[in-house]
Structure formats: C-alpha cells, structure tokens
Amino acid sequence: MPVPWEALIPFGLLTSMFAAAGTLLNVSKRAQNDGKPVRYHIDAWDEMMMDRDKRLTGSIRGQSANPIAPEGFEISSAWYTENAE
C-alpha cells in the first residue's frame, strides 16, 4: 500500500496554522497581562484585589511593595463612604 505523500503538505500546513494561531493567541493574552499568565476562576476577592492593584500601580497585574500608598489613593475607591468627622 503506497504512502500518500501529497497528503503531507496539507497536513503540515494545517498543523503549522493551528500552531501559529495558538502561539499568537498566547502572546496576545500575555501582552495584555503585563507578560504574566492569564488568570482563571476569578472570584469577588480577586476582582477587589485587581481593582486595588489598578489604583495603586495603574495596571491590574501590577503590584507594589511600597508601604505608603500614592497620593489620591484614599479617594480613588468606587465605594461611597460617609464623612468620618
């Protein structure tokens, strides 16, 4: 039984196109997340921490080791608070 060599060219093209699409999707997702892997199964706590990180650093994936918050951090929250006076 002969080997159908002509079928290897479309198979190679198909395989390389799937590989290229997967690689480009992975690169695109990582570029959107500052070079870090994509987060899965995000719950309410993670969303709050991502919002806090965005207010601290300007990026949802950025983190800060500075113990002092930047100027305006205390008033940039989405939560409405009552006057503490």
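This dialogue explains how to read salt bridges, a surface patch and backbone angles in one predicted model.

User: On what basis should the model be read?

Analyst: This is a predicted model, in which local features need pLDDT of at least 70 and side-chain atom pairs count only at pLDDT 80 or more, while totals for chains, interfaces and linings use all residues. Residues are numbered from 1 along each chain as its sequence is written, and side-chain values use heavy atoms, with hydrogens and water left out.

User: What is a salt bridge, and how many salt bridges are counted here?

Analyst: A salt bridge is a side-chain nitrogen of Lys or Arg within 4 Å of a carboxyl oxygen of Asp or Glu. The count by this rule is 2 salt bridges. One joins the side chains of arginine 55 and aspartate 51, with an N to O distance of 3.8 Å. The other pairs arginine 52 with aspartate 53 at 2.9 Å, N to O.

User: Where do arginine 55 and aspartate 51 lie?

Analyst: Helices (H or I, at least four residues) are DSSP runs, numbered from the N terminus. Both arginine 55 and aspartate 51 belong to helix α2 (residues 44-57), where they stand 4 residues apart, about one turn of the helix.

User: Which of the salt-bridge residues are buried or exposed?

Analyst: Buried means under 20% relative accessible area, exposed means over 50%, and partly exposed lies in between (1.4 Å probe, protein chains only). Arginine 55 is partly exposed at 24%, and aspartate 51 is partly exposed at 38%. In the second pair, arginine 52 is partly exposed at 34%, whereas aspartate 53 is buried at 4%.

User: Which residues make the nonpolar surface patch?

Analyst: Patches are made of residues with over 30% relative accessible area and no salt bridge; like charges are joined within 9 Å, and nonpolar side chains (Val, Leu, Ile, Met, Phe, Trp, Tyr) within 5 Å. Accessible areas come from the Shrake-Rupley method with a 1.4 Å probe, and for residues only the protein chains shown count as cover. Here Val3, Trp5, Leu8 and Phe11 form a nonpolar patch of about 480 Å². Tryptophan 5 is located in the segment before α1 (8-32) and is exposed, with a relative accessible area of 60%.

User: What is the phi of aspartate 34, and what is that of histidine 41?

Analyst: Aspartate 34 is a residue other than glycine with a positive phi, near 60 degrees. Histidine 41, also not a glycine, has a positive phi of about 55 degrees. Aspartate 34 sits in the loop between α1 and α2, and histidine 41 lies in the loop between α1 and α2 as well. Aspartate 34 is partly exposed at 47% relative accessibility, while histidine 41 is exposed at 79%.

Key. Helix = DSSP H or I, 4+ residues; strand = E, 2+ residues; numbered from the N terminus.
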